[in-house]
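Let's walk through this model together, from one helix to the core and then to the charged pairs. Please keep the structure open beside the text.

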Amino acid sequence: RKEYVDLYVNYIFNKSVQKPFENFMQGFLRGCPARNWKMFFPEELQVLLQGHTTFDWHLLEKNVMYGQYKKSDQTIRNFWTVFHELPGEKKKMFLVFLSGSDRISGYNLKHFRFHIEDPEVENPDESSPYVSTCRLILFLPR
């Protein structure tokens, strides 16, 4: 029985997908030659491809750029006070809202920047925050 199970598992996970995997690998290596990937340690490559999963939220705050706002404006101070009181999962949900992902892509966290801008609506009390995910802009009404 053990031999049968071993052969069956080997067939399912290795033999049955061998040809499609070889085709995939050939195409992948044509576009991304292996020599380019060898300079990375596995952990570095994972971060580069998948993004960071741990964050320095204060560094994120430090890197924000403001349009029509100053860092000292009450709206901005209130935003960061509330943000830093959120649990980690809610902060990641904010990243999803802002960028479409709960991870920060790229190799270095200190280079991740987003903008907070005033949408300059007539009645800010009737407007909700919204984002431009492709440009990483949070439109935050006063």
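Throughout this report, a residue is buried when its relative accessible area is under 20%, exposed when it is over 50%, and partly exposed in between, using a 1.4 Å probe and protein chains only. L136 is a good case to start with: its relative accessible area is 19%, so L136 counts as buried. This is a predicted model, in which local features need pLDDT of at least 70 and side-chain atom pairs count only at pLDDT 80 or more, while totals for chains, interfaces and linings use all residues. Residues are numbered from 1 along each chain as its sequence is written, and side-chain values use heavy atoms, with hydrogens and water left out.

**Positive phi angles**

Helices (H or I, at least four residues) and strands (E, at least two) are DSSP runs, numbered from the N terminus. L136 sits in the loop between β3 and β4, and its phi is near 55 degrees, a positive value in a residue other than glycine. Q68, in the loop between β1 and α6, is also a residue other than glycine with a positive phi, in this case near 65 degrees. Q68 is partly exposed, at a relative accessible area of 41%. A glycine can be added to this list: G100, just after α7, has a positive phi of about 90 degrees.

**Helix α7 and its two sides**

That brings us to α7 itself. This helix covers residues 88–99, which makes 12 residues, and spans 16 Å from its first C-alpha to its last, close to the 16 Å expected at 1.5 Å a residue. The expected span is 1.5 Å times one less than the number of residues.

Which residues of α7 are buried? They are K91, F94, L95 and L98. These residues lie on the same side of α7, because they cover an arc of only 105 degrees around the axis. The arc is taken from the directions that run from the helix axis to the C-beta atoms. On the other side of α7, E89 and M93 are exposed. The buried residues of α7 pack against α5 (57–63), α6 (74–85), β3 (130–132) and β4 (137–139), where contact means heavy atoms within 4.5 Å.

**The nonpolar core**

A nonpolar core here is a set of buried Ala, Val, Leu, Ile, Met, Phe, Trp, Tyr and Cys residues joined through side-chain atoms within 4.5 Å. The largest such core has 19 residues, of which W80, F114, I116 and L138 touch the most other members. Two or more residues of this core come from each of α5, α6 and α7, and α6 gives the most, with four.

Leaving out residues up to four places away in sequence, W80 touches E61, V64, Y66, F114 and I116. Under the same kind of count, L60 touches F83, F112 and F114. L60 is found in helix α5 and is buried, at 5% relative accessibility. The C-alpha atoms of L60 and E3 are 54 Å apart, with their positions 57 residues apart along the chain.

**Charged residues**

A salt bridge is a side-chain nitrogen of Lys or Arg within 4 Å of a carboxyl oxygen of Asp or Glu. E61, which also belongs to α5, is buried yet has no salt bridge, and K71, the nearest side chain of opposite charge, is 5.0 Å away. For that comparison, Lys and Arg count as positive and Asp and Glu as negative, while His and the chain ends are not counted. Beyond its neighbours within four places in sequence, E61 is in contact with Y66, W80 and H84.

How many salt bridges does the structure hold? There are four, and the table lists some of them.

| Salt bridge | N to O distance |
|---|---|
| K2 and D6 | 2.9 Å |
| R142 and D73 | 3.7 Å |
| R103 and D102 | 4.0 Å |

K2 and D6 both lie in helix α1 (residues 2–13), four residues apart, about one turn of the helix. K2 is exposed at 61% relative accessibility, whereas D6 is partly exposed at 41%.

R142 forms a salt bridge with D73. R142 lies in the segment after β4 and D73 in the loop between β1 (65–67) and α6, so this pair ties together parts 69 residues apart in sequence. R142 is partly exposed, at 43%, while D73 is buried, at 18%. Together with D118, these two residues are linked in a network of salt bridges.

R103 is partly exposed at 29% relative accessibility, and D102 is partly exposed at 35%.
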